[in-house]
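Here are my notes on the two-chain entry you sent round, set out as numbered points. I have kept to what can be read from the coordinates.

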Amino acid sequence: MLVPDNSRAIEDEVLKWRFKRGSREALSRIYEKYVHLLLSIAMGLPNDPHEAEDVVQDVFVSFARGAGDFRLKGSLKAYLAASVVNRVRDRARRERFRQNQRDGAGAASLDLCEPDERLVYDERCRRLVEALAQLPCEQREVVVLKIKDGMKLKDIARLQGVSVSTVHGRYRYGMDKLRALWDGEV
Amino acid sequence: MSTKDRFEDIVRKDLEVHAGDGTCDCMRRIILAAYGSTERTKIPTFARRMVMDKRVVKFALAAVIVAAVVLGLFEFLSPVGSSGVVWAEVGKKVQASQGVIFRAVSRDTPDPHGSEFDYRIDHYTATQSRLDKYKGDKIITSIYGDCNTKTTVLVDHIHKSFVKMADQQTMPDTLRMDPNSMVQRFLSCKHKELGEQTIDGVLCEGIETTDPAFHGGKNPPESLMARIWVSVETGYPVRIEGDYGRDNGQRRFTFVQDQFQWAVDLSSDSFEPNIPAGYLDISP
């Protein structure tokens with residue numbers, strides 16, 4: 001006795017369709033459905049809590065403003081997750097640029113801030129984000145998107161502009177290092 | 001579970017961030033305001049759409065709630081084996097039942113959209129399903145599932161629209177939300193007997209589980225309680241109920257399945273999507 005597992009996809013198709021046609025309820029529902037997932041992804045890439053909040057808000061505001069021109073054939077969840085990744089990259093690039101202008105140094109340190117009451121996460125999450133921060137960003141993206149978002153390797157490969165085998169390698173190396181870091185702490 | 005899988009589970013579970021209520025509301029206001037400004041710039045072309053949209057608003061809410069109920073149920077189902085002595089017969093009977101019809105009621109708390117339907121009547125065979133959502137005695141939405149063709153069709157009978165989705169590769173492994181799989185899971189999980197109780201006028205025996213394995217999915221709830229009551233006379237389930245909690249109990253999912261009709265011979269016609277002429281196709 002089985003029932004197809006695509007009700008989530010069906011719901012998203014309805015939401016996309018209604019969102020394009022001006023439904024605030026649809027946008028509100030999309031927001032409720034994905035805000036926590038996107039915050040988790042944004043934290044894991046990693047960001048500090050303030051950055052994560054800003055990134056996710058930017059993604060949704062941009063999404064809302066683009067309603068009139070919105071066209072999406074694929075997965076809404078993957079689209080929003082990819083938007084977070086791109087937004088994080090943009091912010092990191094801007095930050096590097098600013099940092100270079102300030103002192104000629106390299107990439108900005110994306111260290112964690114103190115836990116923010118505006119976002120809720122526990123100590124294990126904080127430690128995990130710290131461990132993720134030690135991975136190269138390409139590996140970090142693959143690990144977070146594959147595990148947290150459930151994105152397929154081929155879709156991550158498209159997002160990163162590399163082959164699936166490269167993504168697979170990044171995932172494997174990333175997980176090995178993350179596991180070693182985690183085991184070292186626990 | 002392998003070490004690799006366990007660590008993936010750790011990452012999946014521990015990398016969990018939520019916006020506080022105030023932050024969540026604030027962000028929503030900002031986002032909706034951004035959307036509102038977009039809407040205002042599009043009034044000339046939007047006016048005609050609004051006529052359609054009023055129809056669709058209710059449809060989408062209905063679809064959202066149906067999907068939420070279905071998705072909620074998906075969360076606690078997975079394939080398992082059978083065990084037990086008396087109850088093992090229940091597992092066999094249920095497995096042998098060709099078709100089953102029952103009523104399903106479920107609630108998510110909090111549910112910001114409110115519960116827009118009262119109950120569902122679900123039909124299942126081994127490969128097909130139909131979930132009809134009711135408000136009062138009026139059917140408002142139907143979801144048809146076919147594992148052979150891997151398609152799902154959602155039909156909104158109020159707003160005369162339908163969506164068809166196909167090609168779900170993961171379907172066979174993840175679609176076990178029916179009473180049959182629930183019974184098998186009850187039997188294989190650690191449980192305690194509840195003794196006899198009369199349920200809907202039927203003398204039943206029940207078991208209760210709080211075993212996290214009952215969930216079986218990748219994202220189990222923090223707390224879980226599920227009960228099944230089986231008729232002493234027929235050996236078929238009469239009522240299945242559950243209560244799952246997340247976020248220290250702030251989010252809850254409760255469900256009840258009752259009014260079972262077991263061993264029903266459901267023809268394939270029962271699962272043929274009923275899409276009257278003139279319904280709008282909003283499939284992707």
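1. Chain B, burial and surface. Of the 284 residues of chain B, 50% count as buried. This is a predicted model, and the figures in this note should be taken as computed from that prediction. The area that chain B exposes comes to about 13500 Å², and carbon and sulfur atoms supply 50% of it.

2. Chain B, elements and contact range. The secondary structure of chain B consists of six helices and 13 strands. When the contacts in chain B with a separation of 6 or more are considered, residues 24 or more positions apart account for 55% of them.

3. Lys150(B). A backbone angle that deserves a look is the phi of Lys150(B), which is near 55° and is thus a positive value in a residue other than glycine. Lys150(B) is placed in the loop between β5 (138-146) and β6 (151-156) of chain B. With a relative accessibility of 27%, Lys150(B) counts as partly exposed, because that class covers what falls between the buried limit of 20% and the exposed limit of 50%.

4. Gln259(B). Another positive phi, of about 55°, is found at Gln259(B), although this residue is not a glycine. Here the setting is a strand, since Gln259(B) lies in β12 (residues 251-261) of chain B. Its relative accessibility is 47%, so that Gln259(B) also counts as partly exposed.

5. Chain A, overall. Chain A has eight helices and one strand, and from the N terminus on its elements follow the order α-α-α-α-β-α-α-α-α. Of its 186 residues, 54% count as buried, while the area exposed by chain A is about 8200 Å², with 46% of it supplied by carbon and sulfur atoms. Among contacts in chain A between residues at least 6 apart in sequence, 65% join residues at least 24 apart.

6. Helices α2(A) and α3(A). The axes of helix α2 (residues 24-44) and helix α3 (residues 49-65) of chain A come within 9 Å and cross at roughly 145°, and the crossing is right-handed. On the side of α2(A) the contact is made by Leu27(A), Ile30(A), Tyr31(A), Tyr34(A), Val35(A), Leu38(A), Leu39(A), Ala42(A) and Met43(A). The side of α3(A) contributes Pro49(A), Ala52(A), Glu53(A), Val55(A), Val56(A), Phe60(A), Phe63(A) and Ala64(A). By class, this contact of α2(A) with α3(A) has 16 nonpolar residues, no polar ones and one charged residue.

7. Helices α2(A) and α6(A). Helix α2(A) also packs with helix α6 (residues 137-149) of chain A, at an angle of about 155° and with the axes 10 Å apart. That angle makes α2(A) roughly antiparallel to α6(A), because angles over 145 degrees are classed in this way. The crossing of α2(A) and α6(A) is right-handed. Leu37(A), Ser40(A), Ile41(A) and Gly44(A) of α2(A) make the contact with Arg140(A), Val144(A), Leu145(A), Lys148(A) and Asp149(A) of α6(A). By class, the residues of the contact of α2(A) with α6(A) divide into four nonpolar, two polar and three charged.

8. A question on composition. How many charged residues does the contact of α2(A) with α3(A) have, by class? There is one charged residue in that contact, whereas the contact of α2(A) with α6(A) has three.

Terms used. Residues numbered from 1 in each chain as written. Chains lettered and ligands numbered in written order. Predicted model: local features only at pLDDT ≥ 70, side-chain atom pairs only at ≥ 80, totals over all residues. Heavy atoms only, no water. Axes fitted to C-alpha atoms, helices over the stretch in contact; angles between N-to-C directions. Helix = DSSP H or I, 4+ residues; strand = E, 2+ residues; numbered from the N terminus. Left-handed = near helix turned anticlockwise from the far one by under 90°. Contact = heavy atoms within 4.5 Å. Nonpolar A, V, L, I, M, F, W, Y, C, P; charged D, E, K, R; others polar. Buried < 20%, exposed > 50% of the residue type's maximum accessible area, 1.4 Å probe, protein only. Areas by Shrake-Rupley, 256 points an atom, 1.4 Å probe, with all protein chains shown as cover. Parallel < 35°, antiparallel > 145°, perpendicular 65-115°, else oblique.
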